[in-house]
Amino acid sequence: MELRVLNYFLAIAREENFTRAAQQLHVTQPTLSRQIADLEQELGVKLFRRSNHNVVLTEDGMILKRRAQELLTLADKTKRDFLHRGEQLEGTVAIGSGEFLATRCLTDCIAAFHRMHPQVRYELVSGNAGNLLDQIERGLLDLALLAEPIDIRKYDFVPTPVQEEWGALVQADSALAQKASLSPQDLVGLPLISCLSDPAQERLQAWFGPYAGQLDVLARGSLMYNEALLAQSNVGAVIGIRLACQYTGLRFVPFSPPLQNRTALIWKKEQVFSTATSAFLEFAREYLLGISSNNG
């Protein structure tokens, strides 16, 4: 299976037409048809359903489309890593992060590394733990900033010094906003907007204790920004961590007893990195451990 043929396949999937795809790729239609026929024979499946005017992906074709996009992305990343090997450190570091106060530690680390190596570039991907770990496993991300606990069987990590604080975003003119803190029973019977992450759900279930079964979770989300918009539309109160953000008409009230967790920068064990990523990783480890010692 050649990358060139996968590019052909994706062009047809995008255009839903062999003729238009051939024109875009600057190849003849018979050549394109022959390449796809060979690919179907190699895989032992039909990739397209054909009609007089267009083609659509079969179920097997949809699976290949997703895999082909991942393979081509990884191939492009690998090519860029090998191209940037001059005297001056160059290359691209792909980093994922959830929404945390600790993200500022990561961005400060990138800024400090950039002053030393201005030719290095960065790809920053936001997401929840499941999405980011999946991209690390597929080689699309080098590192990720995630909430603890970390699976130490699969990943190496360096902790950040920031303690993330849980609470709720509530309407600023509500009775809850006047409280210094919120207990589990304060949120019983109220419409709530919670997070999608399974580890976070387990942490919240433990904090709510016997009140967990009485909660009215109206919606779940993966980005605090979108969840805050729901709260501003008076859909409910958002359960999440305190961020360095202000949301008009909302106030963050921390939980009592306090619910906190830490974060860590993680990477896959025994992973072979590009020169730029290896240098950044070594720098980030010393940087984060350094500020942890200073805060200690």
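Me: What makes His 26, the residue that follows α2, stand out in its phi?

Reply: In this predicted model, the phi of His 26 is positive, near 60 degrees. His 26 comes right after helix α2.

Me: Why are Phe 18, Ala 21 and Ala 22 said to line one face of α2?

Reply: Those three are the buried residues of α2, which covers residues 18-25. Looking down the axis of α2, its buried residues fall within an arc of 100 degrees, so they line one face of the helix.

Me: And what do the buried residues of α2 pack against?

Reply: They pack against two helices, α1 (3-15) and α3 (29-43), and two strands, β1 (48-50) and β2 (55-57).

Me: What makes the pair formed by Asn 17 and Thr 19 a polar contact?

Reply: A side-chain oxygen of Asn 17 comes within 2.9 Å of the backbone nitrogen of Thr 19, at the start of α2. The cut-off for such an N or O pair is 3.5 Å, so this one qualifies.

Me: How do you know that β5 and β11 pair?

Reply: Pairing takes at least two bridges. Strand β5 (residues 143-147) and strand β11 (residues 260-268) are joined by four, so they pair, and they run antiparallel. One of the bridges links Leu 145 with Leu 265 in β11.

Me: What about β6 and β11?

Reply: Eight bridges join β6 (residues 155-171) to β11, so these antiparallel strands pair too. Among the partners are Tyr 155 and, in β11, Lys 268.

Me: Where in the chain is confidence lowest, and where highest?

Reply: Helix α4 (residues 59-83) is lowest, with a mean pLDDT of 81, and strand β10 (residues 250-254) is highest, at 97. The mean for the chain is 90.

Notes
Residues are numbered from 1 along each chain as its sequence is written. This is a predicted model: local features need pLDDT of at least 70, side-chain atom pairs count only at pLDDT 80 or more; totals for chains, interfaces and linings use all residues. Side-chain values use heavy atoms; hydrogens and water are left out. Buried means under 20% relative accessible area, exposed over 50%, partly exposed in between (1.4 Å probe, protein chains only). The arc is that of the directions from the helix axis to the C-beta atoms. Contact means heavy atoms within 4.5 Å. A polar contact is a pair of N or O atoms within 3.5 Å; within protein, one must be able to donate a hydrogen and the other to accept it, and residues adjacent in sequence count only if both atoms are side-chain atoms. pLDDT is the predictor's confidence in each residue, from 0 to 100.
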